[in-house]
Amino acid sequence: MKIFTGLCVILALCISVGASAEQLKFCTSTAQQKEVTILFGNGVNTTKRQAEDSRDALKIKFRLAYPSGQFAAFEFDLAYNPTANVVLDLWESAHQRLDGEAAQFLRILSGIEAMPDWFQDLMREKVANITEDELVDNQTLQEHVALYRAKVLEGKKVIVVAHSQGNFFANAAYAALYESGNTLATHSFGIVSVANPASFVAGNFPYTTLTNDLVIESIRAVALVSPLPANVTNNPSGNDLLGHNFVNAYLFSGSISAAKIMADFEAVEI
């Protein structure tokens, strides 16, 4: 059963001809319950503030896509994973070229200043050579799993929008929830995968990877296990030189990738 089926039934009952005032009040109350938790799982080189911005951009997409009564059933949260070690490693390699200008380094990373070609090459090299074990630290993973488990036990359906490195965490969380000794009784956890550097999506959930995502293509060039094939091309390609940023490359208004990501929520059966 698809995640929104129950919500659509509720809305249909609310607008049925001849519904009494008490019935309408009941329907409004039911629609206000948070039935689906949508969490954004960030990739590398993402501050918590940037992850919050990505979550909020996703929330805006939902607000525009669904009627207010149905939108009220969604809650939005973060499955944040810190990647300061990756940023520090990149800084160690770039600081001489930048004459030690940390402020310029941060401006480039945040997109305030244009990213030079050599910086793009360096970033692709650093990301491509990171192993999955380096990206998934156990403490953060356990925090994610505990959060997902708590939400499901509250009776909610949980969907993680996993971007880039966040896919490794989401895949590992799925294994912990359904392939370990302490499995959940209901299949109420799903993944919408974006810019996936892994070779699979746990649970065989849908994914979106751009053909011009240079970060994923760099990983594909050197990885022993190749990422899933790119399956979407945007035209125009968005405002991101690497074609990898969640908001500027994948979620920008009117893009094919944004439409597919939103459609993937409907395709998740949990």
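Buried, in this report, means under 20% relative accessible area, exposed means over 50%, and partly exposed covers what lies in between, computed with a 1.4 Å probe on protein chains only. The structure is a predicted model, in which local features need pLDDT of at least 70, side-chain atom pairs count only at pLDDT 80 or more, and totals for chains, interfaces and linings use all residues. Residues are numbered from 1 along each chain as its sequence is written, and side-chain values use heavy atoms, with hydrogens and water left out.

## Overall make-up

The secondary structure of the chain comes to 13 helices and 5 strands; helices (H or I, at least four residues) and strands (E, at least two) are DSSP runs, numbered from the N terminus. Of the 270 residues in the chain, 47% are buried. Where contact means heavy atoms within 4.5 Å, 69% of the contacts in the chain between residues at least 6 apart in sequence join residues at least 24 apart.

## Helix α3 and its surroundings

Helix α3, residues 48-65, has 18 residues and reaches 26 Å from its first C-alpha to its last, close to the 26 Å expected at 1.5 Å a residue; the expected span is 1.5 Å times one less than the number of residues in a helix. The buried residues in α3 are A51, S54, R55, A57, L58 and F62. Because these residues cover an arc of only 155° around the axis, they are on the same side of α3, the arc being that of the directions from the helix axis to the C-beta atoms. On the other side of α3, R49, I60, R63 and L64 are exposed. The partners against which the buried residues of α3 pack are β1 (36-41), α4 (68-71), β2 (74-78), β3 (157-163), α12 and α13 (256-267).

The packing of α3 with α13 is at an angle of about 75°, with the axes 12 Å apart, and α3 is therefore roughly perpendicular to α13. The contact is made by L58, K61, F62 and A65 of α3 together with A258, M262 and F265 of α13. Axes here are lines fitted to C-alpha atoms, for helices over the stretch in contact, and angles run from 0 to 180 degrees between N-to-C directions; those under 35 degrees count as roughly parallel, over 145 as roughly antiparallel, 65 to 115 as roughly perpendicular and the rest as oblique.

## Buried polar side chains

Y250 lies in helix α12, residues 246-250, and counts as buried because its relative accessibility is 0%. The C-alpha atoms of Y250 and H163 are 9.8 Å apart in space, while the two residues are 87 residues apart in sequence. A polar contact is a pair of N or O atoms within 3.5 Å; within protein, one must be able to donate a hydrogen and the other to accept it, and residues adjacent in sequence count only if both atoms are side-chain atoms. One such polar contact, of 2.7 Å, joins the side chains of Y250 and D213.

N81 is placed in the loop between β2 and α5 (84-94) and is buried, with a relative accessible area of 1%. Its side chain makes a polar contact of 3.2 Å with the side chain of Q165. Leaving aside neighbours within four places in sequence, the residues in contact with N81 are N42, G43, T140, H144, Q165, G166 and F169.

N171, in helix α10, counts as buried at 7% relative accessibility. The side chain of N171 reaches the backbone nitrogen of A202 at 2.9 Å. Apart from neighbours within four places in sequence, N171 is in contact with I191, A198, F200, V201 and A202. The C-alpha atoms of N171 and V201 are separated by 6.4 Å, although these residues are 30 residues apart along the chain.

## Backbone features in loops

The peptide bond from N235 to P236 is cis, with omega near 5°, and P236 is found in the loop between α11 (214-222) and α12. Two residues with positive phi are set out below.

| Residue | Phi | Loop | Relative accessible area |
|---|---|---|---|
| S164 | near 55° | between β3 and α10 (166-178) | 4%, buried |
| A195 | about 55° | between β4 (189-194) and β5 (207-208) | 0%, buried |

S164 has this positive phi as a residue other than glycine, and A195 likewise is not a glycine.
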